[in-house]
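Reader: I would like a close look at a single part of this protein, set in the context of the whole chain. Please go through it slowly, residue by residue where that helps.

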Amino acid sequence: MNLDRRTFLGCACALAAAGCASSNAQDPQTFTVPAGDVPVGSGTVFADRGAVVTQPKPGEYHAFSVRCPHQGCAVSRIRDGAIECGCHGSKFDVATGAVLRGPAREGLEPRTVNVSAEGLTIA
């Protein structure tokens, strides 16, 4: 099959865009996890479920979308009281999801946390 330059470049750009999209965060899902899976003073990133769950103080739980508002990458870890986006370095507060350091200009989107005997249900 012979492709002209324009067709080849169009296909190459589409493949590159698809590759970039694969690093973007997943859509939110409702799920339940044991409270013990979320360490005090830190949290856990559930990228495959679209949420990051934090416990800044004992028994105080918060949840946010993993989607960084800067360019849609998934936040990757929690360190030193901050939720970090590995794509461009934005940092967010573990208790509020507010921006601590850009380039993001908006905080993480909050999710609902319900605490029960079964664990933490994130919606």
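Author: This is a predicted model, with a mean pLDDT of 82 across the protein and 77% of the residues at 70 or more. Some caution is needed for residues 7–25, where pLDDT stays under 50 and where the model has 12 contacts beyond four places in sequence. The part examined here is strand 3, together with what surrounds T54.

For the setting, the secondary structure comes to one helix and 11 strands, and from the N terminus on the elements run α-β-β-β-β-β-β-β-β-β-β-β. Of the 123 residues of the protein, 33% count as buried, while the protein exposes about 7200 Å², of which carbon and sulfur atoms supply 52%. Among contacts with a separation of 6 or more, 41% are accounted for by residues 24 or more positions apart.

Strand 3 belongs to an open sheet of four strands, which has the order 2-3-4-9 and antiparallel pairing. The edges of this sheet are strand 2 (42–46) and strand 9 (110–111), each of which pairs on one side only. In general, the strands of a sheet pair through backbone hydrogen bonds, in either a parallel or an antiparallel manner. Strand 2 and strand 3 run antiparallel and are joined by five bridges, and S42 has Q55 of strand 3 as its bridge partner.

T54 itself lies in strand 3, which covers residues 51–57. With a relative accessible area of 0%, T54 is buried, because that value falls under the 20% cut-off. A polar atom of the T54 side chain lies 2.6 Å from the backbone oxygen of V94. V94 is also one of the residues in contact with T54 once neighbours within four places in sequence are left aside, and the others are V38, S42, G43, E60, Y61, H62, F64, I78 and I83.

In strand 2, T44 offers a second threonine to examine. A polar atom of the T44 side chain lies 2.6 Å from the backbone oxygen of D37. Apart from neighbours within four places in sequence, T44 is in contact with D37, V38, P39, A51, V52, V53 and I78.

Following the contact from T54 to I83 leads to the largest nonpolar core, which has 14 residues and in which V52, V75, I83, F92 and L108 touch the most other members. Strand 5 (75–79) and strand 6 are the elements that give two or more residues to this core. A second, separate core of 11 residues includes V33, A51, A63 and L120. Leaving out residues up to four places away in sequence, I83 touches V52, T54, F64, V75, R77, I78, S90, K91, F92, D93, V94 and L108.

Strand 6 (residues 82–85) also holds E84, and at 7% relative accessibility E84 counts as buried, because the value is under 20%. When residues up to four places away in sequence are not counted, E84 touches V75, S76, R77, R79, S90 and K91. The C-alpha atoms of E84 and V94, which are 10 residues apart along the chain, are separated by 9.7 Å.

To draw the part together, T54 is a buried residue of strand 3, with a polar atom of its side chain 2.6 Å from the backbone oxygen of V94, and I83, which is in contact with T54, is among the residues that touch the most other members of the largest nonpolar core.

Definitions and conventions:
Residues numbered from 1 in each chain as written. Predicted model: local features only at pLDDT ≥ 70, side-chain atom pairs only at ≥ 80, totals over all residues. Heavy atoms only, no water. Buried < 20%, exposed > 50% of the residue type's maximum accessible area, 1.4 Å probe, protein only. Polar contact = N/O pair within 3.5 Å; in protein donor to acceptor, adjacent residues only side chain to side chain. Contact = heavy atoms within 4.5 Å. pLDDT = per-residue confidence, 0-100. Core = buried A, V, L, I, M, F, W, Y, C linked by side-chain atoms within 4.5 Å. Areas by Shrake-Rupley, 256 points an atom, 1.4 Å probe, with all protein chains shown as cover. Pairing = 2+ DSSP bridges.
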